[in-house]
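Please open the model in a viewer and keep the sequence panel visible. The tour below proceeds by selection.

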Amino acid sequence: LHVGDMAKMNVSDNFVYKEIYLHRALSDADLVCSVPMMKTHGLATVTLSLKNIGIGGYPGVIYGTVRSLVHQEGIKLEPTGTSAVSIDMVKANQLGLSVIDATTAMQGQGPTVSRGGTLVKMNLIIASQNALAADMIAAYLMGFEPSEIDLFSWAWNAGMYPSKMNAIEVVGENIEKARQHFKRPQVVPYTMISDWYGPPCA
């Protein structure tokens, strides 16, 4: 999705980008499926369905290999440069199915073991046609309350639903029995790690 034929998409009621470039494989799709791993994250607290598309959908050839330009624009609204830009990208896509791989998850200073994350066996798969609902349940299973996740607050500000856990119908495993309390990441502003990400592309 990072190189090739790109399309320009308009974003209504945007936070950061009124227009977003994305790969035609996404722009021409009738339905986009987000399949993230369940992880904690030093910028986003957790990285799940919304962020998987919300940051991963920005093509590197335009926005930088690790989307450095996206984060630089995003920090004009919020310190991590992650949440508002993620919602803009989600709006540009036909995100219709989320399948979160929580067979083995990551806790601590993710998103990688090399940056301080450690693995957690969960033996779960979380699936929903509503990405925000899937992410809220996943975050809860990791020991977070949805109100702690900045990305969810931006989603609610954009009119996305659900806004409460009791509005989500859960089938399968009992979430209280499956819930664990992950080691939390230290969430830092993007400016603290921008040197690691590198400069924005030209």
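The stops that follow are a helix, a histidine, a nonpolar core and a second helix.

This is a predicted model, in which local features need pLDDT of at least 70 and side-chain atom pairs count only at pLDDT 80 or more, while totals for chains, interfaces and linings use all residues. Residues are numbered from 1 along each chain as its sequence is written, and side-chain values use heavy atoms, with hydrogens and water left out.

**Stop 1: helix α5**

Select residues 83–91, helix α5. Helices (H or I, at least four residues) and strands (E, at least two) are DSSP runs, numbered from the N terminus. Because 8 of its 9 residues are buried, α5 is largely enclosed by the rest of the structure. Buried here means under 20% relative accessible area, with a 1.4 Å probe and protein chains only. The buried residues are S83, A84, V85, S86, I87, D88, M89 and V90. To see what covers them, display β2 (19–23), α2 (49–56), α4 (68–74), β6 (95–108) and α7 (150–157), which are among the covering elements.

**Stop 2: H41**

Move next to H41, in strand β4 (residues 37–41). Its relative accessibility is 5%, so H41 counts as buried. Two polar contacts (pairs of N or O atoms within 3.5 Å; within protein, one must be able to donate a hydrogen and the other to accept it, and residues adjacent in sequence count only if both atoms are side-chain atoms) can be displayed here. A polar atom of the H41 side chain lies 2.9 Å from the backbone nitrogen of L43, and the H41 side chain reaches the backbone nitrogen of A44 at 3.3 Å. Beyond four places in sequence, H41 is in contact (heavy atoms within 4.5 Å) with V46, T47, K51, G110, P111, P185 and V187.

**Stop 3: the largest nonpolar core**

A nonpolar core is a set of buried Ala, Val, Leu, Ile, Met, Phe, Trp, Tyr and Cys residues joined through side-chain atoms within 4.5 Å. The largest one has 51 residues, of which M38, M122 and L141 touch the most other members. Helix α6 gives the largest share, 10 residues. Centre on M122: excluding neighbours within four places in sequence, its contacts are M38, A102, T103, A105, L141, A178, Q180 and F182.

**Stop 4: helix α7**

Which residues of α7 are buried? They are L151, F152, W154 and A155. These residues lie on the same side of α7, because they cover an arc (of the directions from the helix axis to the C-beta atoms) of only 160° around the axis. The buried residues of α7 pack against α2, α5 and α6. Finish at G159, just after α7, where phi is positive at about 90°.

Key: Buried means under 20% relative accessible area, exposed over 50%, partly exposed in between (1.4 Å probe, protein chains only).
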